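Please read the following as a guided walk through one chain, beginning at a single residue and widening from there to the whole.

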Amino acid sequence: MKGELYIKEKRCKGCGICAAFCPKKVLEVSLLGKIVPVRPEDCIACGQCEMRCPDFAIFVERRESK
């Protein structure tokens with residue numbers, strides 16, 4: 001399973017919780033204090049980031065890998 005990440009920047013406060021729980025280290029906090037996907041191709045659509053975000057700022061669209 002692969003995933004497409006969507007981040008609502010206005011909601012993100014850059015707490016880094018999603019990055020801390022990402023098993024593939026897809027996410028990082030940028031210098032501007034927002035979450036950015038640095039390795040989106042490694043996303044396994046586990047949903048940990050989406051589940052842990054206290055501000056509902058990140059969403060994962062799951063799709064079958066080809």
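The walk starts at Tyr6, which sits in strand β1, spanning residues 2-7, in what is a predicted model. With a relative accessible area of 42%, Tyr6 counts as partly exposed, because that value falls between the 20% under which a residue is called buried and the 50% over which it is called exposed. Once its neighbours within four places in sequence are set aside, the residues in contact with Tyr6 are Ala57, Ile58, Phe59 and Glu61. Asp55, which stands 49 residues away from Tyr6 in sequence, has its C-alpha atom 13 Å from that of Tyr6.

From this strand one can step back to the order of the elements. The chain holds 2 helices and 4 strands, and read from the N terminus these follow one another as β-α-β-β-α-β. The radius of gyration is 11 Å, close to the 11 Å that the globule rule gives for 66 residues, so the chain is as compact as a globular protein of that length. Along the principal axes, the C-alpha atoms occupy a box of roughly 35 × 20 × 15 Å. Of the contacts between residues at least 6 apart in sequence, 51% link residues that are at least 24 apart.

What lies inside this fold? Buried residues account for 27% of the 66 residues in the chain, and the largest nonpolar core has 15 residues, among which Leu5, Val26, Leu27, Ile35, Cys49 and Ile58 touch the most other members. At least two residues of this core come from α1 (17-21), and at least two from β4 (58-63). In soluble globular proteins, nonpolar side chains tend to be buried together. Leu27 illustrates how such a core member is surrounded: beyond its neighbours within four places in sequence, Leu27 is in contact with Leu5, Ile7, Cys18, Ala19, Cys22, Ile35, Val36, Pro37, Cys49 and Ile58. Ile58, one of the contacts of Leu27, is also among the residues in contact with Tyr6.

The loops offer two backbone details that deserve a careful look. Lys25, placed in the loop between α1 and β2 (27-29), has a phi near 55 degrees, a positive value in a residue other than glycine. Ala45, found in the loop between β3 and α2, likewise has a positive phi, near 60 degrees, and it too is a residue other than glycine. As for their surroundings, Lys25 is partly exposed, with a relative accessible area of 44%, whereas Ala45, at 8%, is buried, because its value is under the 20% limit.

The loop between β3 (35-37) and α2 (48-52) also contains Glu41. Is Glu41 buried or exposed? Its relative accessibility is 52%, so Glu41 counts as exposed, the limit for that class being over 50%. From Glu41 to Met51 the separation is 10 residues in sequence and 20 Å in space, taken from C-alpha to C-alpha.

The surface and its charges complete the picture. The accessible surface of the chain comes to about 4500 Å², and carbon and sulfur atoms contribute 55% of it. The chain carries 13 positive and 9 negative charges, and the mean positions of these two sets are 3 Å apart.

Methods
Residues numbered from 1 in each chain as written. Predicted model: local features only at pLDDT ≥ 70, side-chain atom pairs only at ≥ 80, totals over all residues. Heavy atoms only, no water. Core = buried A, V, L, I, M, F, W, Y, C linked by side-chain atoms within 4.5 Å. Buried < 20%, exposed > 50% of the residue type's maximum accessible area, 1.4 Å probe, protein only. Contact = heavy atoms within 4.5 Å. Rg over C-alpha atoms; globule rule 2.2 N^0.38 Å. Areas by Shrake-Rupley, 256 points an atom, 1.4 Å probe, with all protein chains shown as cover. Lys, Arg positive; Asp, Glu negative; His and termini not counted. Charge placed at Lys NZ, Arg CZ, Asp CG, Glu CD.
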